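Please open the model and keep it beside this note. A few backbone details deserve a second look.

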Amino acid sequence: MSTPEPAARGTRALPLRDIVLMVMLGVVFGFLYWVLVQAWNLLAVLMGPAGDLAQHVLLGGWLIVAPIAVAIIRRPFVGIIAEVIASVVEVVFLGSPVGPLLMVAAAIQGAGSELPFALGRYRRFGWARFAVSGLLGAGFVFCFSAFRFDWFGQDIWPLRLALQLASGVVLGGLLARVVVDALRATGVLDQFTAARGGVGVPAQRRER
């Protein structure tokens, strides 16, 4: 649990600085997601007969841009939009064979990842909230994929779900918090809310 951090700035339009950062995050992670696809293919080969499960082991890695964007910009929908931008990069520029359905999946997982921060009014960014973000992002997109590929008709669907949720918590939640903390430590986020404490609240007291 964490103490409240600076509040989201209402429903005003995003300033140009935030829009540029959101787009940059989407583009950069679009390319990183494509690299992760190559790792997925390699892992599937290495896992042999269980290679079909490799996608669930790595799934959390495709969730990470949403919590990072939300934690830095702290405005509604930026996580969903950043995920969709990343998927557009994968489809349009990197030729993902999934096609437009990848953008649908991105919107769904982005909604799941952003939901815990929305419920905290974009003011709470503790470790547990990041973990739940990854859990929900992984769970939401699992339901979408399960119906697409008829996983619920398979005996191993609980194993698929367990692997995907665990990956979501670790790679799509906790790792996102590590990345945000690392970026904040470098000073590159000094112009954003994530780097500023509440009025009169020392930075070291904002997290516990």
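The points below concern a predicted model and take up one helix and then some loop residues.

1. Start with the length of helix 5, residues 101-119. Its 19 residues, at 1.5 Å a residue, should span 27 Å, and the C-alpha atoms at its ends are 27 Å apart, so the expected and computed spans agree.

2. Next, look along the axis of helix 5. There is a kink of about 30° at S113, and the proline P116 comes shortly after that kink. Both S113 and P116 belong to the buried residues of the helix.

3. Which residues of helix 5 are buried? They are L102, A105, A106, Q109, G110, G112, S113, E114, P116 and F117. In general, an α-helix has 3.6 residues a turn, so residues three or four places apart point the same way. The buried residues of helix 5 pack against helix 3, helix 4 and helix 6.

4. After helix 5 comes R121, with a positive phi near 55°.

5. F77 is not a glycine, yet its phi is positive, about 75°. F77 sits in the loop between helix 3 (65-73) and helix 4 (78-93). Is F77 buried or exposed? Its relative accessibility is 56%, and because exposed means over 50%, F77 counts as exposed.

6. D150, also a residue other than glycine, has a positive phi near 60°. Its place is the loop that joins helix 6 (127-149) and helix 7 (157-186). With 53% relative accessibility, D150 counts as exposed.

Conventions. Residues numbered from 1 in each chain as written. Predicted model: local features only at pLDDT ≥ 70, side-chain atom pairs only at ≥ 80, totals over all residues. Heavy atoms only, no water. Helix = DSSP H or I, 4+ residues; strand = E, 2+ residues; numbered from the N terminus. Buried < 20%, exposed > 50% of the residue type's maximum accessible area, 1.4 Å probe, protein only. Expected span 1.5 Å × (residues − 1). Bend = angle between axes of the 7 residues up to and from the residue. Contact = heavy atoms within 4.5 Å.
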